[in-house]
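Student: Could we go through this model together, setting each descriptive term against its definition before we accept it?

Tutor: Yes, let us take the chains in turn and then some local details.

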Amino acid sequence: MAQRRKLEIFGETLPAMPLAAFFLVAFVAPFILLLVISLYQSAEFRGVGLHQYVKFVTDGFSIGVLWDTLFLGFCVTAVCLLLAYPLGLVYIAGGPRLRAFILFLIMLPLLTSAVVRTFAWLVILGREGIINSAMLALGLWGQPARLLYTWGGLVVALAQIQLPLMALPVINSLLKVDRSLVDAAEGLGASSWRRFRTVILPLTLPGAVAGSLLVFAASTTAFITQTLVGGGRIVLMPLNIYQQAVGVQDWPFAAALSIVFTVCIVAINWFVNAFAQARMRGVNA
Amino acid sequence: MQMSRRAALRLGAASLASAGLPGISRAAESVVATTYPGSFDEAFKAVVGPAFTKATGANVNFTPLLAIDQVAKIQAARANPPFDVVLFDEGPLINAIKADVLEKFPASASKALADIPDAFKHPDGYAPVITCQVIGIAFNPKKFKVPPTSWDDLWKPENKGRVGITGMASSLGTAFMVDVAKLKGGSDTDLEPAFKAMQTLLPNVGAIAQSPGALAALFQQGEIDIAFNYFNNIELLRTKGVDVDFVVPSTGGIVVRTSAQLVKNAQAGKLATAYLETVMSEGVQKDLEAAPWVMMPTNKRVPFTGANLKLANGLDELIARNKLLDWTKFQHLRGDWITRFTKEVKI
């Protein structure tokens with residue numbers, strides 16, 4: 001009996017084996033290698049210890065960069081959430097044609113590479129770009145404003161680029177909301193804001209959390225967009241790691257930075273997930 | 001079509017193997033050569049690629065990368081390097097030789113080497129210098145009634161927000177910093193005055209570009225009006241109709257010697273040597289020297305013409321009028337400098 005059960009489990013997990021093997025080779029092995037490299041004391045791969053991690057903690061610059069990067073992820077996620085819900089509500093309210101059109105608009109950015117989308121933002125935000133030219137022509141601004149290479153510009157550009165990652169799960173969970181619950185709330189006299197806050201938002205939490213985790217991870221690690229729109233003025237973790245690895249050729253420190261960065265993002269993901277699960281259990285109870 | 005399971009498996013295995021082993025499936029008749037992003041890349045694709053194909057019947061795959069990226073990528077895959085021929089300025093060349101990733105140049109088999117002056121041959125037998133780049137001031141002539149004359153112009157208050165710079169990962173940024181340090185009382189190894197000066201330059205800095213090529217392109221986008229840059233980058237933009245011009249600072253420009261080198265364990269073998277022959281040859285150097293590329297030739301049969309005559313009548317005069325830096329003195333310090341520059345030069 002037990003033998004048979006073992007076989008069954010084996011049979012069920014068998015189809016996942018190729019993926020697991022791929023994951024092992026393409027992710028776990030390099031990660032272990034990274035971990036090993038990060039334990040070398042010097043850039044010349046001499047001595048073993050936690051020197052690189054001590055360097056990270058005691059060097060105020062790198063911690064500041066890490067904090068900036070996580071804060072960037074938070075800002076972009078917040079902007080995406082604020083944009084995705086109204087978009088999703090319009091989608092839900094619309095007929096099949098409007099829905100198809102909105103879906104097409106959401107998918108459109110995914111059909112071009114991140115590099116192309118980023119270059120579009122360079123054209124929009126530049127000193128002689130679309131926004132500045134329009135504002136100058138309308139006489140609203142006396143001189144071109146600096147939009148490119150600024151924090152605000154970077155958040156807006158990243159939010160647009162990552163929006164599909166938020167909009168799709170949010171729309172998906174909005175579609176699953178039982179219409180009669182919203183109608184019931186309306187019948188009982190709940191205002192539209194209250195209906196959103198107490199019915200729609202809790203029920204679509206899984207979609208919002210999934211979208212947030214995707215957007216957070218994607219925007220904190222978006223090397224190309226961060227580098228092109230942020231320029232050399234805004235230093236974030238991906239650029240910092242790249243510079244340490246390639247420019248300075250200090251692979252152990254770059255590896256340590258990568259490990260710390262990965263652990264931070266995984267920890268945040270885990271924490272948000274745990275929080276959301278607890279909340280959802282509360283909703284279902 | 002019916003296909004037995006075994007045949008399908010075999011086909012699948014074969015296609016997996018060919019995808020996983022690009023080295024084996026790659027056509028033998030090609031060379032992978034690096035260029036620098038910007039005018040170098042355009043010039044090499046337009047001139048060297050066709051000339052090499054004509055001479056050998058083989059193709060070149062060009063990959064634009066900064067020199068430090070090239071060293072890093074070769075070091076990461078020594079046994080199976082991603083390039084056959086690399087392009088290095090003086091600093092990265094020192095690193096690459098130290099890291100033992102380069103092959104010496106088979107001088108006895110080379111015809112073109114005889115046309116390269118001894119001063120540009122490598123003392124330890126690596127491949128010779130193929131071109132010299134000149135660093136000076138790039139500016140937008142529409143925004144400057146009087147052209148700038150020295151590095152000090154970058155610091156002038158009227159240039160607030162209009163200055164572009166690039167970091168010390170490039171030869172350009174490093175050469176600029178070393179020159180500024182020396183002009184302000186520092187030395188090849190003491191960059192303290194230059195780092196201090198960067199702090200006072202920050203209010204004027206409108207953009208920090210990732211590479212010299214990207215820095216030049218900022219003129220095109222109208223992001224900046226003055227910067228330090230290479231003559232050939234700027235001249236190419238000027239001939240494309242961008243409002244940009246170049247002057248050598250009154251204290252002298254900086255000349256950077258660039259060489260193409262053979263990578264150890266490269267797969268192209270003799271073709272890589274043939275590629276170097278092509279780059280050094282009179283015909284190719286002549287075409288690279290012509291507008292719009294204006295790359296300074298090191299082949300002594302090729303005279304300066306056109307825009308290059310604005311800087312000098314020939315290579316000897318160019319070097320006499322400008323400055324060379326002794327990269328052996330400070331190349332080992334660059335890692336620390338790059339880190340410090342990134343930390344200090346930001347808003």
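Tutor: Chain B has 14 helices and 12 strands, where helices (H or I, at least four residues) and strands (E, at least two) are DSSP runs numbered from the N terminus.

Student: What makes chain B as compact as a globular protein of its length?

Tutor: The radius of gyration, taken over C-alpha atoms, is set against the globule rule, which is 2.2 Å times the number of residues to the power 0.38. For the 347 residues of chain B the rule gives 20 Å, and the radius of gyration is 22 Å, close to that value, so chain B is as compact as a globular protein of that length. Its C-alpha atoms fill a box of roughly 75 × 45 × 40 Å along the principal axes.

Student: How should the numbering and the reliability of the model be read?

Tutor: Residues are numbered from 1 along each chain as its sequence is written, and chains are lettered from A and ligands numbered from 1 in the order in which they are written. The model is predicted, and local features need pLDDT of at least 70, side-chain atom pairs count only at pLDDT 80 or more, while totals for chains, interfaces and linings use all residues.

Student: Why is Val294(B) called buried?

Tutor: A residue is buried if 20 or more other C-beta atoms, placed from the backbone, lie within 10 Å of its own, exposed if 12 or fewer, and partly exposed in between. Val294(B) has 26 C-beta neighbours inside 10 Å and therefore counts as buried. Val294(B) is found in the loop between H11 and E11 of chain B, and its phi is near 40°, a positive value in a residue other than glycine. That loop also holds Pro292(B), and the peptide bond from Ala291(B) to Pro292(B) is cis, with omega near 0°.

Student: Phe45(A) also has a positive phi, of about 65°; why is Phe45(A) called exposed?

Tutor: Phe45(A), in the loop between helix H2 (17-38) and helix H3 (51-58) of chain A, has 11 C-beta neighbours inside 10 Å, and therefore counts as exposed. Across the whole chains, buried residues make up 32% of the 285 residues in chain A and 48% of the 347 residues in chain B.

Student: What pattern does chain A follow along the sequence, and how many helices and strands does chain A have?

Tutor: Chain A comes to 14 helices and zero strands, so to speak a run of α elements from one end of the pattern to the other.

Student: How do you know that H6(A) and H12(A) are roughly parallel?

Tutor: The axes of helix H6 (residues 114-125) and helix H12 (residues 223-230) of chain A come within 10 Å and cross at roughly 15°; axes are lines fitted to C-alpha atoms, for helices over the stretch in contact, and angles run from 0 to 180 degrees between N-to-C directions. Angles under 35 degrees count as roughly parallel, over 145 as roughly antiparallel, 65 to 115 as roughly perpendicular and the rest as oblique, and H6(A) and H12(A) are therefore roughly parallel to each other.

Student: Which residues of H6(A) and H12(A) meet?

Tutor: With contact defined as C-beta atoms, placed from the backbone, within 7 Å, Ala114(A), Val115(A), Thr118(A), Trp121(A) and Leu122(A) in H6(A) meet Ile224(A), Thr225(A), Leu228(A) and Val229(A) in H12(A).

Terms used. Two residues are in contact if their C-beta atoms, placed from the backbone, lie within 7 Å.
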